[in-house]
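Reader: Hi! I'm new to reading protein models, and I'd love a close look at one small part of this one.

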Amino acid sequence: MDKKQIRLTEYNQPLIEQRADPYVYRHTDGKYYFTASVPSYDRIVLRSAETLEGLKDAEEITVWTKHESGPQSIHIWAPEIHRIMGRWIIYYAAGDMDDIWEIRPYVLECQGDDPMKDPWKELGMMQAAPEDEFSFHDFSLDATVFENRGSWYYIWAEKTGVGKKISNLYIARMETPNRLETVQVLLTTPDYDWERIGFWVNEGPAVIKHDGRIFMTYSASETGACYCMGMLYTEEDADLLDPAQWTKLRYPVLKTDEEKGIYGPGHNSFVKSDDGVTDLCIYHARQYEKVEGDPLYDPNRHTMVMPVIWNEDGFPEFHYPVQKR
């Protein structure tokens with residue numbers, strides 16, 4: 001990459017460099033945990049700090065490394081760490097060196113109470129409900145989980161169709177951290193022009209609740225400057241497995257801003273600020289538009305942070321803030 005292409009501005013300073021698909025989890029004791037895709041796509045890393053800013057210089061450890069061959073031997077993507085049903089769990093996607101696009105969702109479980117020190121055990125592929133004949137039989141990735149009214153839900157991206165396949169987002173209720181209880185339900189498919197640039201893609205779901213509503217952001221189009229974020233929403237007391245209960249916004253909620261030097265923002269997560277008051281959007285983006293070769297293998301998608309602004313209608317707004325780091 002020609003460094004002359006990189007234009008640093010007061011808006012595009014990273015929290016952590018070269019970490020794409022960032023996920024930050026804040027535990028009940030206030031400690032932050034961070035994981036993300038690394039450019040080599042060969043391992044799962046984890047950081048921990050008492051403050052969000054502390055993650056920037058925190059020691060990074062490797063908790064799991066790809067297999068030498070077969071399933072889980074290439075394309076280790078988009079890990080997320082969660083505390084679910086009393087366990088520390090990492091969800092991630094991985095491919096097979098013999099078929100590099102045979103991407104499937106996998107699960108790790110920590111064998112103790114300290115995810116930074118205790119060992120992690122493979123639980124294998126995420127398991128569909130017994131009567132589900134469709135889930136995880138094709139390119140599947142970007143899983144996230146959330147709890148609502150005592151039940152846990154799993155949302156993921158999976159491709160469907162023939163030829164140049166379409167990536168949709170599906171939801172199901174969970175039975176255990178590594179098994180679904182219900183069959184998949186289609187949440188969103190790439191309906192609009194801004195979701196169909198390069199590839200027809202909906203992926204990278206992230207969930208945040210506010211004032212009785214559930215908002216789900218997601219990412220769309222190929223991974224260059226056209227990558228952007230859309231959003232759906234529903235009510236907390238709605239039937240979350242009824243797609244008619246979800247409303248999809250017509251336009252993206254976050255996209256490239258050339259003036260601010262932010263390109264291809266997306267694959268976000270949400271977390272509270274240190275004081276527990278402000279909702280934050282953790283996302284990745286590049287500092288330049290032109291990518292040489294396949295954007296997927298360009299290493300300079302950096303982890304960035306912005307506050308979520310709740311408007312008078314109770315909806316989240318995403319505006320690039322001045323970065324002070």
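Reader: Where does Met 85 lie? Please take me through that spot carefully.

Author: Happy to! Keep in mind that this is a predicted model. Met 85 is found in the loop that joins strand 5, covering residues 71–84, to strand 6, covering residues 87–96. Now look at the backbone there. The phi of Met 85 is positive, about 55°, even though Met 85 is not a glycine. As for its surroundings, Met 85 counts as partly exposed because its relative accessible area is 33%, a value that falls between the 20% and 50% cut-offs.

For a companion to Met 85, go along the chain to Asp 211. Asp 211 sits in the loop between strand 14 (202–210) and strand 15 (213–220). Asp 211 is likewise a residue other than glycine with a positive phi, in this case near 50°. With a relative accessible area of 67%, Asp 211 is exposed, since the cut-off for that word is over 50%.

For a contrast, try Ser 140, which belongs to strand 9, residues 140–148. Its relative accessible area is 0%, so Ser 140 is buried. What surrounds Ser 140 there? Leaving aside residues up to four places away in sequence, Ser 140 touches Ala 93, Ile 103, Arg 104, Pro 105, Trp 156, Ala 157 and Glu 158. With Glu 158 there is also a polar contact, made side chain to side chain at 3.3 Å.

Terms used:
Residues are numbered from 1 along each chain as its sequence is written. This is a predicted model: local features need pLDDT of at least 70, side-chain atom pairs count only at pLDDT 80 or more; totals for chains, interfaces and linings use all residues. Side-chain values use heavy atoms; hydrogens and water are left out. Helices (H or I, at least four residues) and strands (E, at least two) are DSSP runs, numbered from the N terminus. Buried means under 20% relative accessible area, exposed over 50%, partly exposed in between (1.4 Å probe, protein chains only). A polar contact is a pair of N or O atoms within 3.5 Å; within protein, one must be able to donate a hydrogen and the other to accept it, and residues adjacent in sequence count only if both atoms are side-chain atoms. Contact means heavy atoms within 4.5 Å.
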